[in-house]
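Biologist: Please take a close look at a single part of this model, choosing one where a helix starts, and describe it slowly enough for a first-year student. I would also like to know how that part fits with what surrounds it.

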Amino acid sequence: MSTVRWVTINRAAELTGYTVDAIKHKVKGGVWAQGKLWRKAPDGRILINLEEFDRWAESAPQEAA
């Protein structure tokens, strides 16, 4: 069985630890690129690309502790 790539904002919040409001803020504020990290489904709902979320989260440089 393949993994799901596009999920609703509510499901993305459950899986990522970001709140629904934080995700909506990133979408509306342009922090996350439309078409890459999020898109509107044919029914108008916003969907989040979990594969791209992982890439985004891993893109921040890490400092040694």
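Modeller: A polar contact is a pair of N or O atoms within 3.5 Å; within protein, one must be able to donate a hydrogen and the other to accept it, and residues adjacent in sequence count only if both atoms are side-chain atoms. The model is predicted, so local features need pLDDT of at least 70 and side-chain atom pairs count only at pLDDT 80 or more, while totals for chains, interfaces and linings use all residues. Residues are numbered from 1 along each chain as its sequence is written, and side-chain values use heavy atoms, with hydrogens and water left out.

The part I have chosen is the start of α3, where Asn-49 caps the N-terminal end of the helix by placing a side-chain oxygen 3.0 Å from the backbone nitrogen of Glu-51. Helices (H or I, at least four residues) and strands (E, at least two) are DSSP runs, numbered from the N terminus. Asn-49 also sits 8.8 Å from Val-4, C-alpha to C-alpha, although the two are 45 residues apart in sequence. Val-4 belongs to the segment before β1, and with a relative accessibility of 56% Val-4 counts as exposed; here buried means under 20% relative accessible area, exposed over 50%, and partly exposed in between, for a 1.4 Å probe and protein chains only.

Within α3, which covers residues 50-58, Leu-50, Glu-52 and Phe-53 are buried. Looking down the axis of α3, one finds these buried residues within an arc of 155° (taken from the directions from the helix axis to the C-beta atoms), so they line one face of the helix. They pack against β1, α1 and β3, where contact means heavy atoms within 4.5 Å.

Phe-53 also belongs to one aromatic cluster, together with Tyr-18, Trp-32 and Trp-56. Rings of Phe, Tyr and Trp (its six-membered ring) pair if their centres lie within 6.5 Å, and planes under 30 degrees apart count as stacked, over 60 as edge-to-face and the rest as tilted. Tyr-18 and Trp-32 make an edge-to-face pair, at 6.4 Å centre to centre and with 75° between the planes. Tyr-18 is in the loop between α1 (9-16) and α2 (20-28), and Trp-32 is in the loop between α2 and β2 (38-40), so the pair ties together parts that are 14 residues apart in sequence. Tyr-18 is partly exposed, at 28% relative accessible area, whereas Trp-32 is buried, at 2%.

Helix α2 reaches this neighbourhood too, as its buried residues, Ile-23, Lys-26 and Val-27, fall within an arc of 100° seen down the axis of α2, so they line one face of that helix. These buried residues pack against α1, β2, β3 and α3, while the face of α2 turned away from its buried side carries the exposed residues Asp-21, His-25 and Lys-28. After α2 comes Gly-30, with a positive phi near 80°.

The sheet beside these helices is open and has three strands in the order β1-β3-β2, paired in the antiparallel sense, where two strands pair if DSSP finds at least two bridges between them. Its edge strands, β1 (6-8) and β2, each pair on one side only. Strand β3 (residues 46-49) is joined to β2 over three bridges, in the antiparallel sense, and Leu-47 in β3 stands opposite Arg-39.
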